[in-house]
Amino acid sequence: MKKQMHDQRSAKGAIPRLLKMLFADYKKQLILVLVCILLTSIASTIASLFMNIFINIINEGIVSGWDAISHKIFIAIGIMLCVYAMGWVASFLHTRNMAIVTQGFMNKLRKRMFEKMQSLPLKYFDTHPHGDIMSYYTNDIDTLRELISRTLPQIVMSGLILSFLIFYMLYLSAWMAIVVAVATVAMVFVTKKIGGNSAKYFMKMQKSIATTEGFTEEMMNGQKVVKVFNHEAQSIEDFDEVNDKLCSDATKANRFANILMPIMGNIGNILYVFVAFVGGLLIINRVPNVSISGQLMGIAVVVPFLNMTRQFTNNVSQLSQQMNAIVMAMAGARRIFELLDEEGEVDNGYVKLVNAKEVDGEIVECEERTGMWAWKHPHEDGTTTYTRLMGDVRIEHMDFGYVPEKTVLNDITLYAEPGQKVAFVGATGAGKTTITNLINRFYDIDDGKIRYDGININKIKKADLRRSLGIVLQDTNLFTGTVMENIRYGKLDATDDECIAAAKLANAHDFISRLPDGYDTMLTSNGANLSQGQRQLLSIARAAVADPPVMILDEATSSIDTRTEALVSKGMDALMHGRTVFVIAHRLSTVRNSDVIMVLEHGHIIERGSHEKLIEEKGKYYQLYTGAFELE
């Protein structure tokens, strides 16, 4: 219940916040739009009053003769043509400017959302379905576009027209204005009652849309697995479940929304008849008219009043009709602001990675590239020290858990000196990948320390830390673009020659040369036109062009066949030469030449040593290597 009340309050607060952002970005344009809407509303209201003016002219003609009023008729018609022309021009300008404002604001909002996403920690993407995140940019944004481009201008225009009409109704007849006021109260009550029921279901509908999109995205990515295991029927059944939930929520939301207009229309028709009836009674019984205008109760009052009553109820109906768009926009805005309000990745680091050179035995910072990097470490006393980037990584008594209740790494202590190759071996879930994620500071440790070249990594700015690390993941991620651009992703200012050299180092050059356009071959859909092994080779080349002192290889050759693995081994050896390397592998043949092998089990290091030493000890590693025990 508390959560529901909080959601409703945050949803209501989302629209004012959205409007504040809108006016901050487009204040001048919106003022112009408001002026144009005001002119359009005035033109619409004056058009309604034309009936009163025209009847009064006719009455004057009956008394004074038609010759006396002919010029007045032409003047009145001319004025009305000018009013209509003003209304048309104002309407055109407000519609045109609102389209520009809407698309510009949507553009800026999407940029803000994407920039925010880039600042979010990896944990956010691990705990939120990707399809749900995609829904922010499609469905939720579209509800805001509808609100800004159509709903808000319509609300302002209807509100202005209603204000003008109320004033003029009082000007013509207070008695009949009271009748309209009573009906208006009834219409507001109906709108609030039905709209309130509609609102909660529109909120649920937005969430159901996001869930459906998330499920669809997941099924598209896993379509090959679905077919391999003949799960088409099961996936259809699962989709029907989420789709039926969406259908149910949408039906309930639109059920209330769709009955609103007919009810409002019928109330308007009843009001029209009732105003005509009351007006007729007032005329027949010669009831004195109470009005600002001082006109006697008669046809000249009742007929234009009826015309205004019809316009009044139409505008009230227009306002009630916008309830659907407002409620959906409230739900969409709340979800978007939840994303924008997410706490970004915290970075309290102050140690930076800079270009350096050695002068008289001391390391100093320099502007030009020298191939030497150093950690620039400012101290509280105002001094600054420079430590050469070597790739010395030490972990001391580290504990970590993804959630506070469950620790997945316990008292991990290890060191990797510059140029050493450290391998992690163990069953799935033992904590191998988690260690490398902590070195990258994708997550922060709960206890203990990780030191990089003697510096606590919490003191190093995350961007500089990750700049010094290269990583090749088991799951390759290629982006839409050429082969050359995908390799250059590892170092955006790399030259073509550097990219080609990296491809040769990873033994990817030969297959790239055989592609239709070589390095200019376009890749789409995560490199769907390449084999899994070729995609992995490009991933290795991308890490090679970055030329980092520390390399993390997380099952880097798991997707490569034995023949391709043999080809890439030389390239991998060249890539690892002179670097600190952390290797995670299930194929124990790939870690034999490691300087030290860490065997992990349930978050603990149970064995450590070289391949020969661990074989002699005949422990868990020996069992794994000889096949007496298999990794799961």
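The structure holds 18 salt bridges, and since this is a predicted model, every value here is computed from the model. Let's start with three of those charge pairs, then look at the chain overall, its surface patches and one serine tucked inside.

**Salt bridges**

Here are three of the pairs, with the closest N-to-O distance for each.

| Salt bridge | N to O distance |
|---|---|
| R334 and E338 | 2.8 Å |
| R150 and E146 | 3.3 Å |
| K491 and E498 | 3.6 Å |

Take K491 and E498 to begin with. K491 is partly exposed, at a relative accessible area of 22%, and its partner E498 is also partly exposed, at 33%. Elsewhere, salt bridges with shared partners tie D142, R145, E146 and R150 together into one network.

Two members of that network, R150 and E146, sit in helix α5, which covers residues 130–172. They are four residues apart, or about one turn of the helix. On the accessibility side, R150 counts as exposed because its relative accessible area, 56%, is over the 50% cut-off. E146 comes in at 24%, so it counts as partly exposed.

The R334–E338 pair has a similar layout in sequence: both residues belong to helix α10 (residues 323–340), again four residues apart and about one turn of the helix. What about R334 itself, buried or exposed? R334 is buried, with a relative accessible area of just 5%, and that label follows because buried means under 20%. E338, on the other end of the bridge, is partly exposed at 37%.

**The chain as a whole**

Stepping back, the protein chain has 19 helices and 16 strands. It runs to 632 residues, and 44% of them are buried. If you take contacts between residues at least 6 apart in sequence, 73% of them link residues at least 24 apart. The accessible surface adds up to about 32900 Å², with carbon and sulfur atoms accounting for 58% of it.

**Two surface patches**

First, a nonpolar one. Which residues make the nonpolar surface patch? I31, V35, L39 and M86 do, and the patch covers about 290 Å². Helix α2 (residues 27–64) is the biggest contributor, giving three residues. I31 is placed in that helix and is partly exposed, with a relative accessible area of 44%. That value clears the bar for patch membership, because patches take residues with over 30% relative accessible area.

Next, a charged one. E237, D240, E241 and D244 gather on the surface as a patch of negative charge. One of these, D240, lies in helix α8, which spans residues 232–284. D240 has 35% relative accessibility, so it counts as partly exposed.

**A serine on the inside**

Finally, have a look at S539. You'll find S539 in helix α16, residues 532–546. It is buried, with a relative accessible area of 5%, and the label applies because the cut-off for buried is under 20%. Which residues does S539 touch, leaving aside those up to four places away in sequence? The answer is V472 and T476.

If you're browsing the model, S539 gives you a buried residue to look at, while R150 gives you an exposed one.

Technical notes: Residues numbered from 1 in each chain as written. Predicted model: local features only at pLDDT ≥ 70, side-chain atom pairs only at ≥ 80, totals over all residues. Heavy atoms only, no water. Buried < 20%, exposed > 50% of the residue type's maximum accessible area, 1.4 Å probe, protein only. Contact = heavy atoms within 4.5 Å. Patch = residues over 30% accessible without salt bridge, like charges linked within 9 Å, V, L, I, M, F, W, Y side chains within 5 Å. Areas by Shrake-Rupley, 256 points an atom, 1.4 Å probe, with all protein chains shown as cover. Salt bridge = Lys/Arg side-chain N within 4 Å of Asp/Glu carboxyl O. Lys, Arg positive; Asp, Glu negative; His and termini not counted. Charge placed at Lys NZ, Arg CZ, Asp CG, Glu CD.
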